[in-house]
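The following questions and answers introduce a structure to a reader who has not met it before. Please consult the sequence and the model shown here.

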Amino acid sequence: MERWKDRVAVVTGSNSGIGTGIARALVQNGLRVVGMDRTEISNELKSFISGDHGKFYFYQTNLRKEKEIIEAFGWIANNLGAISVFVNNAGLTSSVKKIEDGITDEWRNVLDVNILAVTICTREALKSMKRHVVEDGHIINICSILSHVSRPIATQVMYCASKKAVMAVSEGVRRELILEGSKIRVSTICPGMVDTNIMRAVNHSFAPEKPKLLPEDVAQTVLFCLQVPPHVQISDIVVHPVGENLQLP
């Protein structure tokens, strides 16, 4: 991780769960990390704003609003400079309902955050990397193991659809960069069940006895992607807990 020291990384959805784990791991490895989240900075994040290695910054951003995303990128450019690593981690789901009982506004929020915000942030991150000639920039999209299965979870159809869309966007951007001759890399990380508050709230199959990853496990996978040599492209990683048996209804 030495070559990333003092460089700028951005993590969306940094206030909890996987996002907090990724932000902490990057700070511990010497990066200057900007957390973006729609809520005010959490107490857990405040605890590692600065340290012996990297430094953490926070910019409150509602990812449903393009204007706020653009403002956040402007603040980063003016105060920290070029972005080298961008982690699209923020994501949400709707209440557990069948399609016939679904709420349109909830679906719209899922699509706005899980797909549109990911695409807008990727666009702006690429602009920053190219403007500042960051030839080895890296975009990492936190997706889901559900993007690899053919059957979506009943009552969570829109969430599953959004994660498949993230895979399509990631592969499309990766191909565009290849055609340009760019060395910027795009990776997706697809975790299985992770022990987070959102998973407990919405996953009907969540149970204490079932195998689960910790947010720190996903963070270590992000570090793995960053540590490989610049000529190595990790396109997609599926990571799930030992013993997980994905059985969809």
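Q: Which five residues lie nearest the centre of the largest cavity?
A: This is a predicted model, in which local features need pLDDT of at least 70, side-chain atom pairs count only at pLDDT 80 or more, and totals for chains, interfaces and linings use all residues. Residues are numbered from 1 along each chain as its sequence is written, and side-chain values use heavy atoms, without hydrogens and water. A cavity is a set of points on a 1 Å grid over the protein atoms alone where a 1.4 Å probe fits but cannot get out, and its lining residues have an atom within 4 Å of a point. The largest cavity is lined by 13 residues, and those nearest its centre are Ser 94, Lys 97, Ile 99, Trp 107 and Thr 155.

Q: Which helices each supply at least two residues of the lining of the largest cavity?
A: Helices are DSSP runs (H or I, at least four residues), numbered from the N terminus. The helices asked for are H4 (104–131) and H5 (157–180).

Q: How are the axes of helix H3 and H4 oriented, roughly parallel or roughly antiparallel?
A: Axes are lines fitted to C-alpha atoms, for helices over the stretch in contact (heavy atoms within 4.5 Å), with angles from 0 to 180 degrees between N-to-C directions. The axes of H3 (residues 66–79) and H4 come within 11 Å and cross at roughly 30°. Angles under 35 degrees count as roughly parallel, and over 145 as roughly antiparallel. Therefore H3 is, relative to H4, roughly parallel.

Notes: 1 Å grid on protein atoms, 1.4 Å probe; cavity = no way out; pocket = protein on both sides within 12 Å on 5 of 7 lines; lining within 4 Å. Parallel < 35°, antiparallel > 145°, perpendicular 65-115°, else oblique.
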